[in-house]
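Student: I would like a close look at a single part of this protein. Please take one strand and its surroundings, and go step by step.

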Amino acid sequence: MDKFRIEGGRPLEGRVTIGGAKNAALPAMAAALLTAKRVVLRNIPRVRDIITMRSLLDEMGADSSLKGEKQGNRLALQARKIPDPTAPYELVKQMRASVLVLGPLVARFGHARVSLPGGCAIGARPINLHLKGLERLGAKVSIEHGYVEARADRLKGDVFHFDTITVTGTENLMMAAALADGVTVLENAALEPEIEDLAALLNKMGADITGAGTPTIRIRGVSRLEGAEHNIIPDRIETGTFLAAAAITGGHLILDCVEPRHLTAVVAKLAEAGVETRAAAARNTGGPEALEAKMSSPGRAADVTTQEYPGFPTDMQAQYMALATQAHGSSVITETIFENRYLHALELARMGADITVDGRRAVVRGPTRLSGANVQASDLRASASLVLAALAADGESVIDRVYHIDRGYERIEDKLKRVGARIERISEV
Ligand code: EPZ
């Protein structure tokens, strides 16, 4: 398992290019199962989860080809036939977002066999609402030997209300409804930008979806979908992570290829905490926007509660906690989305942070001097938090199990090195 060795204490200075959003690319890849034609996705992030999803689609029988940065990180997918609409346990256990193939497979082929994702470090994360929604659209769903078996001659549009707002649940049902007979209305749908991006792709493929990005999404089913080309939106969580990296190291970064509108809650909270961010001249005029960040004052404590979009994202909670260790005062963090998303707090405490966790609340007292230590990553965003803390700590840190971070960040050590971080990957066989 690879590790990172980081020597902290250096402010980060320079420009970083932000990649495409992993959580937009994954549903977009699943959407390719809805048509026999070719779907071309650009600005695909080269992260582990994308490789896993590609392996899953290839195993099912789809053709795929991935071009490098010079060709726009372009992924072409074509699911002419899917002889075996199964998502096996070996792949699903690596990445629970594999469940996103469920809706497309049932909608197009009338059958799907998808391993239940099981638990995850940050919470139980059931998929009951995905299944309840498919049943509402007429699918017969059963659980056999740890697999979801879903069958339907043809899904039928209906109204479905989500008891809990779920991002991938909304995406799964939007894709299933795209080929259903009649109109589907999804109520209490998730509002994330990744939902709007998926709807934009589906509509390019010939779907008829309105209301994506609002709590009520209307999908008028069509009989067939065509191929399409689509640019994946920038990754708002990678953007937020690098804004926090500039702040925690007392540096100054300019982030290229970002969409500032997708992280207004993060920018507002960082401003409250003393981080000045503003639009910057994009590298190539007329290109995607740029955002620059630096500490405008000593870090200030600021409370934060994670919420569904457009609130402060749960995927930025761990990164914010690392920053809060350097703030003057006590910051109260409340995690409302997942029940066990404070695993990083214990590791930050080993570096000297003063954090008290009580259920869904964590109180971070600062500023505390962080010292480098051997720490262990537990999940994707927790590992990002440990990297941020190590960059600010005195001395050397070694972070173990960085495969977690590779799931959602593309060669983060290269991007950090280019702006002055002393970080190296230690690959262990
Ligand atoms: C998506 O996960 C993201 N993953 C997560 O990002 C993100 O943390 C999460 O949304 C919340 O924003 C992808 O988009 C691939 P949910 P998802 O369904 O869809 C409960 C990362 O770091 N729930 O919105 O799995 C669930 O337990 C990852 O990239 C049900 O009860 O999350 C949770 O408490 C981590 N029943 C809440 O809803 C269901 O059927 C939100 O979960 C579905 C969800």
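Tutor: What follows is a walk around strand S9 and its neighbours.

This is a predicted model, where local features need pLDDT of at least 70, side-chain atom pairs count only at pLDDT 80 or more, and totals for chains, interfaces and linings use all residues. Residues are numbered from 1 along each chain as its sequence is written, and side-chain values use heavy atoms, with hydrogens and water left out.

Start with the names. Helices (H or I, at least four residues) and strands (E, at least two) are DSSP runs, numbered from the N terminus. Strand S9 covers residues 147–151. S9 is mostly covered, with 4 of its 5 residues buried. Buried means under 20% relative accessible area; exposed means over 50%, and partly exposed lies in between (1.4 Å probe, protein chains only).

Now the partners. Two strands pair if DSSP finds at least two bridges between them. S9 pairs with strand S7 (residues 111–115). The sense is antiparallel, and there are 5 bridges. Look for Arg113: this residue stands opposite Glu149 in S9.

S9 also pairs with S8, again in the antiparallel sense over 5 bridges. Strand S8 spans 140–144. Find Val141 and follow the bridge to its partner in S9, Ala150. S8 and S9 form a hairpin, with 2 residues between them. His145 sits in the turn and has a positive phi of about 55 degrees.

A general point helps when you trace these strands. In a regular strand the side chains alternate between the two faces of the sheet.

Next, the helix beside them. Helix H5 runs over residues 128–136. Its buried residues are Leu129, His130, Leu131, Gly133 and Leu134. Here is a rule to keep in mind. An α-helix has 3.6 residues a turn, so residues three or four places apart point the same way.

What do the buried residues of H5 pack against? Both hairpin strands, S8 and S9, are among their neighbours. The others are helix H4 (102–109), strand S10 (159–161) and helix H6 (167–178). Contact here means heavy atoms within 4.5 Å. After H5 comes Gly138, whose phi is positive, near 100 degrees.

To recap, S9 pairs with S7 and with S8, and buried residues of H5 pack against S9.
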